[in-house]
Amino acid sequence: MTPPDDVYTHGHHDSVLRSHRWRTIDNSAAYVEAEFVPGASVLDVGCGPGTITLEIAKRVTPGRVVGLDRSDEVIAAAVADASDAAVTNLEYRVGDVYSLDFPDDSFDVVHAHQVLQHLSDPVAALVEMRRVCRPGGIVAARDSDYSAKTWFPAVGELDEWLALYLELARSNDAEPDAGRHLRSWAIAAGFDDIQSSASTWCFATDADRAWWSSLWADRVVSSAFAEQARERGLATDADLQRLAEGWRRWGAIPDSCFVAVLGEIRCRC
């Protein structure tokens, strides 16, 4: 069976990778960090530029860690970024979550951060992740719930941005509210020992608001999100420029804040 050829809503523009490089175990994988013990073997699916992956490798040394991503370009960047880190237990590979090139029962932990929301068949991905996880091991996933994102104060352009994002992601046969679906998907994938949780990112300091608003202002005009929105007739250049200005205006408000809600699952194999 040929794996689905999923479309990545964000793409790999620098405005996207800036947010990916910000991610750490502490801010993005705290719910599963207890599993990252010395000697554990870990597969990090959809590793992107590998900031979380590299931290995992340092924690589980001498355990084997593999970072996997579909993009050759992103894997090359991850390899370059890790070249000075003096780790010998880390390997990066290009691969597909629907068809993992590993034998059954290969890893103690199979981890995916912000991956399932972009897939047209997240249950199939979880089945494959389960296949390569050893009995007693953990399959862990954390994903955004876009409809649960909230901010202050009200800015009309951000409401329009969210509506556009939801429409565009779903036109890619993806589920932008994946966070609330994770437990259901895990049950459908055959797991029966599932721990569910949720956590947040909160952007409220001057520096955090400036970074987050600038990042999204760039994304809505320059990333694959913008390209797809234009190609499908969901937004014009003028529309996207207006949304970008709304993001910048929100980021300049001294008492503004933005909260992103993310769902989490830890599934025992």
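These exercises, each with a worked solution, concern a predicted model of a single chain.

**Exercise 1. Overall form**

Decide whether the chain is as compact as a globular protein of its length, and describe its make-up.

Solution. Start with the secondary structure: the chain has 10 helices and eight strands. Next, compare the radius of gyration with the globule rule. The radius is 18 Å and the rule gives 18 Å for 269 residues, so the chain is as compact as a globular protein of that length. The C-alpha trace spans about 50 × 40 × 30 Å along its principal axes. Then look at the contacts with a separation of 6 or more: 79% of them are between residues 24 or more positions apart. Finally, take the burial, which covers 54% of the 269 residues.

**Exercise 2. Surface and charge**

Find what share of the exposed area carbon and sulfur atoms supply, and how many side chains of each charge the chain has.

Solution. The exposed area is about 11,300 Å², and carbon and sulfur atoms supply 51% of it. For charge, count 25 positive and 42 negative side chains. The centres of these two sets lie 3 Å apart.

**Exercise 3. Strand E2 and the loop after it**

Determine how strand E2 is covered, then place Ser 71 and classify its burial.

Solution. First, all five of the five residues in E2 are buried. Second, sort them by face: Val 65, Gly 67 and Asp 69 lie on one side, with Val 66 and Leu 68 on the other, and both faces are covered. Third, find the partner strand. E1 (residues 42-45) runs parallel to E2 and is joined to it by four bridges, with Val 45 opposite Leu 68. Fourth, move on to Ser 71, in the loop between E2 (65-69) and helix H4 (72-82). Its relative accessible area is 13%, and buried means under 20%, so Ser 71 is buried. Beyond its neighbours within four places in sequence, Ser 71 is in contact with His 12 and Val 94.

**Exercise 4. Two buried residues**

Compile the position, burial and contacts of Gly 11 and Ala 260.

Solution. Gly 11 lies in the segment before helix H1 (14-22). Its relative accessibility is 10%, so Gly 11 counts as buried. Leaving out residues up to four places away, Gly 11 touches Val 16 and Ala 224. Ala 260 belongs to strand E8 (residues 257-268). Its relative accessibility is 0%, so Ala 260 also counts as buried. With the sequence neighbours up to four places away again set aside, Ala 260 touches Lys 149, Ser 199, Thr 200 and Trp 201. For a distance, take Ala 260 and Asp 108: they are 152 residues apart in sequence and 29 Å apart in space, C-alpha to C-alpha.

**Exercise 5. Backbone details**

Locate two cis peptide bonds and two non-glycine residues with positive phi.

Solution. Begin with the peptide bonds. Thr 61 and Pro 62 are joined by a cis bond with omega about 10 degrees, and Pro 62 sits in the loop between helix H3 (51-60) and E2. The bond from Phe 152 to Pro 153 is cis too, with omega near -5 degrees; Pro 153 is in the loop between strand E6 (150-152) and helix H6 (156-171). Now take phi. Asp 105 has a positive value of about 60 degrees, in the loop between E3 (90-94) and E4 (107-113). Gln 114 has a positive phi of about 60 degrees and lies in the loop between E4 and helix H5 (122-131). Last, check burial: Asp 105 is partly exposed at 39% relative accessibility, whereas Gln 114 is buried at 10%.

Note on methods. Residues are numbered from 1 along each chain as its sequence is written. This is a predicted model: local features need pLDDT of at least 70, side-chain atom pairs count only at pLDDT 80 or more; totals for chains, interfaces and linings use all residues. Side-chain values use heavy atoms; hydrogens and water are left out. Helices (H or I, at least four residues) and strands (E, at least two) are DSSP runs, numbered from the N terminus. The radius of gyration is taken over C-alpha atoms; the globule rule is 2.2 Å times the number of residues to the power 0.38. Buried means under 20% relative accessible area, exposed over 50%, partly exposed in between (1.4 Å probe, protein chains only). Contact means heavy atoms within 4.5 Å. Accessible areas come from the Shrake-Rupley method with a 1.4 Å probe; for residues, only the protein chains shown count as cover. Lys and Arg count as positive and Asp and Glu as negative; His and the chain ends are not counted. The place of a charge is taken as NZ of Lys, CZ of Arg, CG of Asp or CD of Glu. Two strands pair if DSSP finds at least two bridges between them.
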